[in-house]
Amino acid sequence: MAGARRDAGDDGRGRAEERKEKWPPERKIAANGNTVGEWMDEGKDEQMDEGMNERKERRMSGQKEEKEASKMENGKQTMAKNASKRLLLHACCGPCSTHCVHTVREQGYEPVLYFSNSNIDTEEEFERRLAALRDFARAVGVEVLVDPYDPASWRRATAGLESEPEGGARCDRCFLHNLSRAAAKAIELGFDSFTTTLTVSPHKNSPRVFAAGRQAASATASPADGAAAPAFVEIDFKKKDGFLDSVRLAKAYGLYRQNYCGCVYSKAAASRR
Ligand code: SF4
């Protein structure tokens, strides 16, 4: 009997412990430390999240496509507006002209390059940069016009500003000097518009180049002879990695690239760097 009670007692404890071990029966521990129930709920949440993410991605890709389409449409409209428009493109050198010629052509302009750079320190350097420009122009079928080297006029224009740092007031005068000559050439040859490669350089402040271009355009028109002012087209060529593109293209065309801006002061500054 005692054995039977013991058995029955042992048996009873055993079942109770078994019941304890099984409790709660369905909530097992998942690998992430949560119970299975929680993990399954998380699964539902993840599925919902995935659905929401998919819808979000579809919406975003739709918006991106719409944006691209509108960009292309705007590009087409700009090209149509500029189609067959001749543009006098003041060129500071061959390397900078590479990206600029490609860019204005993409916008529907047909450029003619105008090399007007009496700011360059020596005639030898002037000829060297001009030769590089001609090499590039030949490769892409663009005409080059040349303003004869006239350093005395540039020195007069920048007189009193010799000790200005690169990027200072002397540069504003320098931009104005070269762009005034470009504006005069645009009027002489009947161009409606002109612009410059100067903005491709990361060392040149584009708004200040634009200001000089606008001033050159309005100052060059002569009300006496009724000539209309050519429009200065404000293109910031350094946008969209324009400078890097010009470096890459200059290499591809095998062009000489100078290591200073142009004037004797910028050459001295470059040698100190
Ligand atoms: S540093 Fe360049 S932009 Fe400035 S004055 Fe000299 S040549 Fe002209």
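At what angle do helix α3 and helix α4 pack, and how far apart are their axes? In this predicted model, local features need a pLDDT of at least 70 and side-chain atom pairs count only at pLDDT 80 or more, whereas totals for chains, interfaces and linings use all residues. Residues are numbered from 1 along each chain as its sequence is written.

Helix α3 (residues 94–106) and helix α4 (residues 123–140) pack at an angle of about 30°, and their axes are 8 Å apart, where axes are lines fitted to C-alpha atoms, for helices over the stretch in contact, and angles run from 0 to 180 degrees between N-to-C directions. Because angles under 35 degrees count as roughly parallel, α3 is roughly parallel to α4. On the side of α3 the contact is made by Gly-94, Ser-97, Thr-98 and Val-101, and on the side of α4 by Arg-129, Ala-132, Leu-133, Asp-135, Phe-136 and Val-140, two residues being in contact if their C-beta atoms, placed from the backbone, lie within 7 Å. By class, this contact has 5 nonpolar, 3 polar and 2 charged residues, with Ala, Val, Leu, Ile, Met, Phe, Trp, Tyr, Cys and Pro counted as nonpolar, Asp, Glu, Lys and Arg as charged, and the others, Gly among them, as polar.

The chain as a whole contains 9 helices and 5 strands, which are DSSP runs (helices H or I, at least four residues; strands E, at least two) numbered from the N terminus. Of its 273 residues, 30% count as buried, meaning that 20 or more other C-beta atoms lie within 10 Å of the residue's own.

The largest nonpolar core (a set of buried Ala, Val, Leu, Ile, Met, Phe, Trp, Tyr and Cys residues joined through C-beta atoms within 7 Å) has 43 residues, of which Leu-88 and Leu-89 touch the most other members. At least two residues of this core are supplied by each of β1 (85–90), α3, β2 (109–115), α4, α6 (169–189), α7 (206–220) and α8 (242–252), and the largest share, 8 residues, comes from α6.

Helix α6 also gives the largest share, 3 residues, of the shell around the ligand. This shell consists of Asn-119, Glu-166, Arg-170, Cys-171, Cys-174, Cys-261, Gly-262, Cys-263, Tyr-265 and Ser-266, each with its C-beta atom, placed from the backbone, within 6 Å of the ligand. The residues of the shell divide into 5 nonpolar, 3 polar and 2 charged.

Notes:
Parallel < 35°, antiparallel > 145°, perpendicular 65-115°, else oblique. Buried ≥ 20, exposed ≤ 12 C-beta atoms within 10 Å, placed from the backbone.
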